Structures are given as C-alpha cells and as structure tokens.
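Visitor: I've got a model open and some questions about it. Can you walk me through its helices and hollows?

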Amino acid sequence: MLMNSVKALTARERVAHAILGKAVDKVPIGELCIDDSVVRREFNAMNCEFADRLAFVQKLGLDLFCLTPVFSQLSHGLPIAGNCRWPDRHQWVTQTNVFTFAVVDGAFGWGMRSMQFDEFLTLERSSPLALQQLIATVEQANLAILADLAASGIDGIIFADDIAYQRGLFTSPATLKQYFFPALARQAQTAVRYGIPVFFHSDGNYRELIPDLIEMGFSGLHCIDSNSGMHMPELQHEFGARLCLWGHLGVNDACQAHVPESLDVLTDSIRTLAAQKRFILGTSSGLFASADIEGLKA
C-alpha cells in the first residue's frame with residue numbers, strides 16, 4: 001500500500017516517521033509478538049533462531065520487531081534489577097534496518113503473575129505497604145533495564161501492563177492513579193529523556209485513561225481491540241494528533257481476507273486510517289500457533 005510522492009524509507013525510518021506523524025512511503029506493519037511456532041511452521045523447520053525470525057519478518061514485510069526479556073532469576077516472582085538479558089538484541093539493533101522495540105512489563109502485570117488474582121486486586125486494602133513495595137521493586141528493576149536498553153541503541157520501548165479486560169478496568173481508575181501511574185510515569189519519562197519513544201500496551205478497554213497516558217509522555221498505544229470497545233477510527237479522531245495507534249486487525253480479519261469482498265472492505269479501512277499518518281498496522285493479539293498467515297499476507 002504505497003503512498004504517493006514520498007521517498008523510499010527503510011523499515012526503521014518508516015516506523016519512526018509514523019510515530020512522529022511524518023509522511024511515510026507505505027503503511028508500517030508490525031506485531032507485538034511472534035510465537036516461534038509460527039516461524040517454524042512457515043519454514044517447516046525444527047528450530048527457530050535469529051536468522052529464521054528475520055526471514056519471517058522479511059517474508060511478511062514487517063517493519064518492526066519486538067524483543068522480550070529473559071530473567072535468569074526472580075525474587076518472589078518479581079524482577080531483580082540487572083538480572084535481565086535480551087536474546088539477539090545486538091543483531092536486531094545493528095544488523096537489520098528493522099525498528100526494534102523492547103517489551104518492558106509494568107507493575108500491574110508483574111503483580112497479576114506473582115500473586116493470585118483476587119489476592120493482588122485486594123492488596124490495596126489488605127496491605128497497601130506491600131502493594132507500594134511491589135511497585136517500587138518493579139520500578140527499580142525497570143529503571144536499570146531502561147538504562148541498559150538506551151545504551152544498546154534500542155529504537156523504542158513498549159510498557160506492557162494488562163490493566164483492563166473486555167468490559168473495562170480490572171481495578172478503579174483512582175487505584176491506578178494513586179499507586180501505579182506515578183511509577184509508570186517516572187519510567188516513561190526516563191525513556192523519553194533517553195530519546196526513546198514509548199508505547200503502552202494493555203488488552204481490553206482502558207479508554208478513559210488514555211489522557212493520563214498522554215500526560216505521562218507515551219507516544220503510542222498498542223492493542224486497539226474493537227471487541228473491547230476500542231474502535232480505531234474513534235480513537236484516532238480523538239487522540240490521533242498526539243498518539244500513534246498500532247493495531248486494527250482482529251482475530252477474524254485474516255480469515256475474512258480470503259474473501260475478495262471482505263478484503264476490499266478491510267483494505268479501504270486501512271487506507272482511511274493510514275491517511276492520518278500516526279498509524280501502524282498489526283493485529284491486536286500478536287501471532288500465535290493458530291494465526292492465519294496466508295490471510296495476513298493478503
């Protein structure tokens with residue numbers, strides 16, 4: 001989907017232009033996560049190494065790749081500062097022209113994973129000091145991670161914090177703003193001071209908190225899921241002047257792309273969104289074993 005009268009850009013430049021709202025030569029495309037099983041299936045391979053992942057990115061014409069950290073050790077289920085590595089980071093940053101994001105998990109997500117669901121969501125009432133300590137531990141680790149990422153030349157940061165589900169937030173806006181958002185803001189602003197654009201990812205419907213995320217310094221959002229009431233055209237109209245919106249494709253869109261009439265409708269919607277510049281095309285969920293790759297190619 002080429003844009004007229006714009007010089008050819010590298011993948012890294014294309015995503016950077018989209019984030020800043022500058023003209024692009026074609027719609028930038030990317031996925032938050034690509035499961036290795038998808039890559040192995042595509043190439044009928046037993047293993048999945050850097051070269052395989054890069055070949056998959058090139059085959060689908062993706063402009064970005066997201067790295068996820070590996071922690072060799074956790075403390076009570078929480079990250080330890082300085083105890084994190086990023087497989088293949090050097091290769092993605094220095095040996096490709098792909099815009100490379102690093103996914104950094106937030107305190108809400110860590111809390112959900114390290115504790116029972118109900119225990120975590122009631123921690124504000126049962127032990128507010130324990131909640132504050134959890135958030136401080138994650139912040140300390142993430143600040144060390146950000147310094148390391150900045151030194152490595154990473155292109156962008158995605159703070160992943162699933163604070164919502166399909167019908168709304170997991171906890172009250174007041175709780176998020178009192179306990180979680182001050183630390184998240186410090187982390188986002190640290191990345192901005194390093195000169196790195198920051199995106200926020202959460203599943204579900206968190207629309208009411210988007211103005212807060214803008215004030216924190218976030219450049220964009222990922223996972224714009226219409227099934228959760230997050231409709232890309234509406235969000236683009238309201239926030240597109242200040243945020244790059246990344247997503248748009250739902251689970252069924254790849255299947256519907258096999259039908260010419262449905263593909264035409266979907267393509268028209270992409271063209272309309274892309275005309276507003278601050279837009280990256282991708283799925284809201286990432287690519288997993290069941291992904292319809294042929295539909296996505298279409």
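Guide: We'll take a helix contact, then the cavities, the pockets and one glycine. Keep in mind that this model is predicted.

Visitor: Let's start with helices α5 and α8. At what angle do their axes cross?

Guide: Roughly 115°. Helix α5 covers residues 107–114 and helix α8 covers residues 128–152. Their axes come within 9 Å.

Visitor: Is that crossing of α5 and α8 left-handed or right-handed?

Guide: The crossing is right-handed.

Visitor: Which residues make the contact?

Guide: From α5, you have Ala107, Trp110, Gly111 and Ser114. From α8, the contact uses Leu134, Ile135 and Val138. By class, the residues of this contact are 5 nonpolar and 2 polar, with no charged ones.

Visitor: Switching to enclosed space. How many cavities of 30 Å³ or more turn up?

Guide: A search of the whole structure gives 3. The largest cavity holds about 90 Å³.

Visitor: What lines the largest cavity?

Guide: The lining includes Gly106, Ala107, Phe108 and Ile135. Asp161, Phe180 and Gln187 are also among the lining residues. Ala107 and Ile135 also take part in the contact between α5 and α8.

Visitor: Which helix gives the largest share of that cavity's lining?

Guide: Helix α9, with 6 residues. It spans 173–193, and both α5 and α9 supply at least two lining residues. The lining of the largest cavity splits into 9 nonpolar, 2 polar and 1 charged.

Visitor: And the second largest cavity, what volume does that have?

Guide: About 50 Å³. Its lining is Phe108, Phe120, Leu121, Glu124, Leu131, Thr171, Thr175 and Phe180. The elements giving two or more of these residues are α6 (117–121) and α9. Phe108 and Phe180 line the largest cavity, and they line the second largest cavity too.

Visitor: Now the open pockets. How much space lies in the largest one?

Guide: About 530 Å³. It is lined by 22 residues. Nearest its centre lie Ile29, Leu281, Leu296, Lys297 and Ala298.

Visitor: Which helix gives the most to that pocket's lining?

Guide: That's α13, with 4 residues. Helices α12 (253–256), α13 (260–274) and α14 (293–297) each supply at least two.

Visitor: What's the chemistry of the lining, by class?

Guide: In the largest pocket, 14 lining residues are nonpolar, 3 are polar and 5 are charged.

Visitor: How about the second largest pocket: how much space is there?

Guide: About 360 Å³. There are 18 lining residues, and Ile34, Arg53, Phe65, Cys66 and Thr68 are the closest to the centre. Two or more residues come from each of α2 (36–43) and β1 (64–67). Strand β1 gives the largest share, 3 residues. The classes are 12 nonpolar, 1 polar and 5 charged.

Visitor: Last topic, Gly240. Where does it lie?

Guide: Gly240 is in the loop between α11 (232–239) and β8 (244–249).

Visitor: Does Gly240 count as buried or exposed, and why?

Guide: Buried, because its relative accessibility is 10% and the cut-off for buried is under 20%.

Visitor: What does Gly240 touch, leaving out residues up to four places away in sequence?

Guide: Leu235 and Arg278.

Visitor: How many ångströms separate Gly240 and Gly229 in space?

Guide: From C-alpha to C-alpha, 17 Å. In sequence, the two glycines are 11 residues apart.

Technical notes:
Residues are numbered from 1 along each chain as its sequence is written. This is a predicted model: local features need pLDDT of at least 70, side-chain atom pairs count only at pLDDT 80 or more; totals for chains, interfaces and linings use all residues. Side-chain values use heavy atoms; hydrogens and water are left out. Axes are lines fitted to C-alpha atoms, for helices over the stretch in contact, and angles run from 0 to 180 degrees between N-to-C directions. A crossing is left-handed if the near helix is turned anticlockwise from the far one by less than a right angle, and right-handed if clockwise. Contact means heavy atoms within 4.5 Å. Ala, Val, Leu, Ile, Met, Phe, Trp, Tyr, Cys and Pro count as nonpolar, Asp, Glu, Lys and Arg as charged, and the others, Gly among them, as polar. On a 1 Å grid over the protein atoms alone, a cavity is a set of points where a 1.4 Å probe fits but cannot get out, and a pocket is an open set with protein on both sides within 12 Å along at least five of seven lines; lining residues have an atom within 4 Å of a point. Grid points are joined across faces, edges and corners, and a volume is the space filled by probe spheres set on the points. Buried means under 20% relative accessible area, exposed over 50%, partly exposed in between (1.4 Å probe, protein chains only).
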